[in-house]
Amino acid sequence: MKAQLKTRVTEMLGIEYPIIQGCMQWISRAQLVGAVSAVGGLGILSSSSCYTAEELRAEIKKVREITDKPFAVNITLLPASFVPDYDGYIRVCIEENVKIIETAGRIPKEDMIAKIKGAGIIWIHKCTIVKHALKAQTAGCDMVVADGFECAGHPGENDIGTMVLTPSFVEALNIPVITAGGIGTGRQMAAALMLGAEGVYMGTRFLLTEECPVLDKVKDHLAEHATEMDTVLLLRTYVNTTRAYKSKVAVSVLEREKAGLEFADIAGDMSGKKACEMFFENGDIDNCGTICSGQTVGLINKVIPVREAIESIMKECIETLGKFSV
Ligand SMILES: Cc1cc2nc3c(=O)[nH]c(=O)nc-3n(C[C@H](O)[C@H](O)[C@H](O)COP(=O)(O)O)c2cc1C
């Protein structure tokens, strides 16, 4: 029998499992997004992997060739190595009848919110402190992702771990809360639900799946070698903190940052161009670009198909919840 867990998140998004694949720049393109949604989770397309709005339109169409189930488009409002066409992305989402948009990085300006809400699109916002979640709720956000300090990518500058962040969001808000940051197993999912979350959101776990388009060499290396100790916080000096795998190049970036160098001196190593070369062409983790990775990488020891990841997490979550019925 299929494991089932109904929450406001599954109901509002029209998905089978309260499991969401986190947006990953350059990586969460149609192949991975379609695979996650087809299995019954929610895949999230990364708009900032698309240099133009028309490129995003093509990715949306590709997802629809894989599945007719719901998926979302992420709009990341953070400094980028190219100028993202935010207005174009939103226009294309509306034209292509995308039903769910996730924003991240900062709360969108009023006109962007008005366009999203005006089109009847469900708006999810990902943030790292209660103050921002409350602001999003007041602005009409439908559900929030609480992204704890353990997360891959941008944990913000306040370092609130998932264990405190999730219940803080739940107590402060009326809208559903989804836990991100450090989730990679069913036991962790059960813990998030116990804390009041109505869904979980995972980046690192889905990075290490077969359908993730990154070279096997990179994925296998992380699964086999990375422990919970193997991430570092980069770019804190520039108030744009990013958690990444502790590769040689990441350590070198950190050292240059600590030595007081300007961002321009490390920008090359942090660029999307270098990351894409490593992810898709040479697999040279130590010398070419950095990899966003969460601490949960230490709990993930195998690259597995998306279906196996989702179904095994669901099974373990439900078994774990069952252990504590008193
Ligand atoms: C390789 C990679 C790239 C990411 N890129 C983005 C991004 O472009 N926008 C975004 O909002 N989050 C991005 N994230 C963060 C994830 O969406 C998610 O918040 C995070 O991975 C959750 O923590 P976890 O890795 O512990 O599951 C990225 C994560 C990874 C692993």
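**Close-up views of a predicted model**

**View 1. The largest nonpolar core.** Of the 97 residues in this core, four touch the most other members: Ile101, Val144, Ile178 and Val200. Where does the core lie with respect to domain 1 (8-212) and domain 2 (216-296)? Both domains give residues to it, so the core lies between them. Keep in mind while looking around that this is a predicted model.

**View 2. Zooming in on Val200.** Here we pick out one of the four core residues that touch the most other members. Leaving aside residues up to four places away in sequence, what does Val200 touch? Its partners include Pro18, Ile19 and Ile20, which follow one another along the chain. Val200 also touches Ile178 and Thr179, along with Ile183, Met189 and Ala192. Ile178 is worth a second look, since it appears both among these partners and among the four residues named for the core.

**View 3. The ligand and its shell.** Now for the ligand, which has 29 residues around it. The closest are Gly22, Cys151, Gly153, Gly203 and Gly294. Two elements each give two or more residues to this shell: the strand β3 (71-76) and the helix α9 (204-207). Which of the elements gives the most? That is α9, with 3 residues. Sorted by type, the shell has 14 polar, 11 nonpolar and 4 charged residues. Both domains take part here too: domain 1 (8-212) and domain 2 (216-296) each supply at least three residues.

**View 4. Where the two domains meet.** The domain assignment splits the protein chain into domain 1 (8-212) and domain 2 (216-296). Their C-alpha centres sit 23 Å apart. How many residues are in contact across the boundary? On the domain 1 side there are 22, and they meet 18 residues of domain 2. The domain 1 side of this meeting place is made up of 9 nonpolar, 10 polar and 3 charged residues.

**View 5. Stepping back to the whole chain.** To finish, here is the setting for the close-ups. The protein chain has 14 helices and 10 strands, and its C-alpha trace spans about 50 × 45 × 40 Å along the principal axes. A compact globule of 326 residues would have a radius of gyration near 20 Å, and the chain has 18 Å, which agrees. Buried residues make up 49% of the chain. Among contacts with a separation of 6 or more, 65% join residues 24 or more positions apart.

Note on methods:
This is a predicted model: local features need pLDDT of at least 70, side-chain atom pairs count only at pLDDT 80 or more; totals for chains, interfaces and linings use all residues. A residue is near a molecule or strand if its C-beta atom, placed from the backbone, lies within 6 Å of it. Helices (H or I, at least four residues) and strands (E, at least two) are DSSP runs, numbered from the N terminus. Ala, Val, Leu, Ile, Met, Phe, Trp, Tyr, Cys and Pro count as nonpolar, Asp, Glu, Lys and Arg as charged, and the others, Gly among them, as polar. Domain bounds come from an automatic or database domain assignment. A nonpolar core is a set of buried Ala, Val, Leu, Ile, Met, Phe, Trp, Tyr and Cys residues joined through C-beta atoms within 7 Å. A residue is buried if 20 or more other C-beta atoms lie within 10 Å of its own, exposed if 12 or fewer, and partly exposed in between; C-beta atoms are placed from the backbone. Two residues are in contact if their C-beta atoms, placed from the backbone, lie within 7 Å. The radius of gyration is taken over C-alpha atoms; the globule rule is 2.2 Å times the number of residues to the power 0.38.
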